[in-house]
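Student: Could you show me how to read a helix and its surroundings in a model like this one?

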Amino acid sequence: MQINIVTIFPDFFTGPLGLSIPKRAAEAGLASYRMVDLRDYTHDKHRTVDDVPYGGGAGMVMKPGPFFEALDDLAPAGPVVLLSARGRPFRHEDAV
């Protein structure tokens, strides 16, 4: 199983994926992990991936363009899982 992780912090995942169950899955050839830097799909000199919210307000939002370009480039054969702080917990039933 190929798992593509699209992130603005690709180096962050080196540690967690090199431990415990993810590590054993990779060593057994059951999973492989590919880190995709979302900033590689930007088109400005600052490699900007976020913007201010429409209508103003506090915080920042991710630009959809770089993400969709990365997704088109990856052309995943399986499901796409989007993680969000606002989302519901990912449970075993979801994985099945």
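Student: Which exposed residues does the face of helix 3 turned away from its buried side carry?

Tutor: That face carries Pro64 and Asp72. Helices (H or I, at least four residues) and strands (E, at least two) are DSSP runs, numbered from the N terminus. Buried means under 20% relative accessible area, exposed over 50%, and partly exposed in between (1.4 Å probe, protein chains only). Do keep in mind that this is a predicted model, where local features need pLDDT of at least 70 and side-chain atom pairs count only at pLDDT 80 or more, while totals for chains, interfaces and linings use all residues. Residues are numbered from 1 along each chain as its sequence is written, and side-chain values use heavy atoms, with hydrogens and water left out.

Student: Which residues of helix 3 are buried?

Tutor: Here is the general idea first. An α-helix has 3.6 residues a turn, so residues three or four places apart point the same way. In helix 3, the buried residues are Pro66, Ala70 and Leu74. They cover an arc of only 70° around the axis, so they sit on the same side of helix 3. The arc is that of the directions from the helix axis to the C-beta atoms.

Student: What do the buried residues of helix 3 pack against?

Tutor: To judge packing, look for contacts, meaning heavy atoms within 4.5 Å. The buried residues of helix 3 pack against strand 1 (2-7) and strand 2. Just after the helix comes Ala75, with a positive phi near 45°.

Student: Where does Thr42 lie, and is it buried or exposed?

Tutor: Thr42 is in the loop between strand 2 (32-37) and strand 3 (50-51). Thr42 counts as buried because its relative accessible area is 13%. Leaving out residues up to four places away in sequence, Thr42 touches Arg47, Thr48, Val49 and Pro66. Pro66 is also one of the buried residues of helix 3. In addition, a polar atom of the Thr42 side chain lies 2.8 Å from the backbone oxygen of Arg39.

Student: And is Val81 buried or exposed?

Tutor: Val81 counts as exposed, because its relative accessibility is 51%. You will find Val81 in the loop between helix 3 (64-74) and helix 4 (92-95).

Student: How do the elements of the chain run from the N terminus on?

Tutor: Try following the chain on screen: the order is β-α-α-β-β-β-α-α. That gives 4 helices and 4 strands. Of the 96 residues of the chain, 17% count as buried.

Key:
Polar contact = N/O pair within 3.5 Å; in protein donor to acceptor, adjacent residues only side chain to side chain.
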